[in-house]
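Work through the exercises below with the structure in view. Try each task before reading its solution.

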Amino acid sequence: MNEFRQSELQLNGPSPDQDLLRFRSGQKYKHSGRAPLFGLVAAAIVGFACAAIGGIGYCYCITKLHLALVEIVLLVGLSLTIGLPIGLIAFKFKIRSDLHLLGLTIAAGTIAIYFEWAFHPYFALGEKHRYIAWAPSDIWFWMKLLFAKGGEFSGWYAVAIWVAEILLVYLLGLGFAIIQIENPFCERCECWTERRDGVAVFAQPQIDHTDVFVRIEDGDFAAFQELQTVSRKAQSYLRVDMDMCPKCLQTCFVSLVSVDHKANDKGELEKNETKFFSQLAIDQDELATIIAAGKVDQFSSRR
Ligand SMILES: [Zn+2]
């Protein structure tokens, strides 16, 4: 674990412009909205190509299989085919703008749905009648035909399914894309922060500790000192996670997660995590305080 080596510390003073992009301690992280043009173009080319191929593949599968559950799995697969490449390229080319990802995913989702519909008569009709409905007017004609006398579904029931399909592709596609760039970005060093889970653990607050908890949620990190320490093997504890810039080691955000191990119906221990807050900016001294306050004996904390 030497990603945060001191030797990598670069203390070049930030320019006034960069200084504006720094977060106050306790402030929630938000992407700056910056999106390099080359990254946007790359994400569009790859994302749209994947969407077209995915749409045709999805159409082929749903016309061959007629099981509702399989169709839902295929729909998730199609959303993944759209969202994942867009998200991965966004990460690679440092796009830190959810809005740009929203635009890219909606465009890619629309392309996928267009190709699905264009190829539907091709896969659904017999060999002699098959055609590809390239023109929107052809798609409209095909839709009206299915509305009047569709196979499996028809009428408004079919329309409801088509609308749900489109909404799910947009929503899931966006989810798969955005999750790739959920790490905070250090605008000073132009790089993504790296995550380290469990830099400190604390006992769940007792009832008479609720005011401490409110202060912590408000970003008063000194209040952590008033919490009890606990072993990481405890059944229930609070875990502090950190996102830190590997270059400057200055840009840092912390998240607080409640971890609970509960026995399920089969008697197996299941881990439940609840986020109390995520990605609040923290300065070096405050971070050191939390880590020192959460230190338990080395034996129980070593994994
Ligand atoms: Zn940095």
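## Exercise 1: The zinc site

In this predicted model, the four donor atoms around the zinc ion subtend angles of 105 to 114°, which makes the arrangement tetrahedral.

Task: find which atoms coordinate the zinc ion, and at what distances.

Solution.
- Step 1. Four sulfurs coordinate the zinc ion: SG of Cys186, Cys189, Cys245 and Cys248. Their distances are 2.2 to 2.3 Å.
- Step 2. Check the angles. Four donors count as tetrahedral if all angles lie between 85 and 135 degrees. The angles at the zinc ion run from 105 to 114°, so the arrangement passes as tetrahedral.
- Step 3. Compare with the ideal. For four tetrahedral donors, the ideal angle is 109.5 degrees.
- Step 4. Read the spacing along the chain. The donors follow C-x2-C-x55-C-x2-C.
- Step 5. Place two of the donors. Cysteine 186 lies in strand β1, and cysteine 248 lies in the loop between β4 (236–244) and β5 (252–263), so the pair ties together parts that are 62 residues apart in sequence.
- Step 6. Check burial. Cysteine 186 has 1% relative accessibility and counts as buried. Cysteine 248 is also buried, with a relative accessible area of 1%.

## Exercise 2: Counting disulfides

Task: work out how many disulfides the model has.

Solution.
- Step 1. Recall the bond. A disulfide covalently joins the sulfur atoms of two cysteines. The cut-off here is 2.5 Å between the sulfurs.
- Step 2. Test cysteine 191. Its closest cysteine sulfur belongs to cysteine 245, 3.7 Å away, so the pair is too far apart for a bond. Cysteine 191 is buried, at 9% relative accessibility.
- Step 3. Test cysteine 252. The closest cysteine sulfur is in cysteine 248, at 9.4 Å, again too far for a bond. Cysteine 252 is buried too, with a relative accessible area of 3%.
- Step 4. State the count. It is zero disulfides.

## Exercise 3: Positive phi

Task: for glutamate 190 and glutamine 279, give phi and decide whether each is buried or partly exposed.

Solution.
- Step 1. Know the background. Most residues other than glycine have a negative phi.
- Step 2. Take glutamate 190. Its phi is near 55°, a positive value. This residue sits in the loop between β1 (185–186) and β2 (191–192). At 35% relative accessibility, glutamate 190 is partly exposed.
- Step 3. Take glutamine 279. Its phi is also positive, near 55°. Glutamine 279 belongs to strand β6 (residues 269–281). At 12% relative accessibility, glutamine 279 is buried.

Terms used. Residues numbered from 1 in each chain as written. Predicted model: local features only at pLDDT ≥ 70, side-chain atom pairs only at ≥ 80, totals over all residues. Heavy atoms only, no water. Buried < 20%, exposed > 50% of the residue type's maximum accessible area, 1.4 Å probe, protein only. Helix = DSSP H or I, 4+ residues; strand = E, 2+ residues; numbered from the N terminus. Donors = N, O, S within 2.8 Å, 3.2 Å for Na, K, Ca; no water. Tetrahedral: all angles 85-135°; square planar, octahedral: opposite > 155°, others 65-115°.
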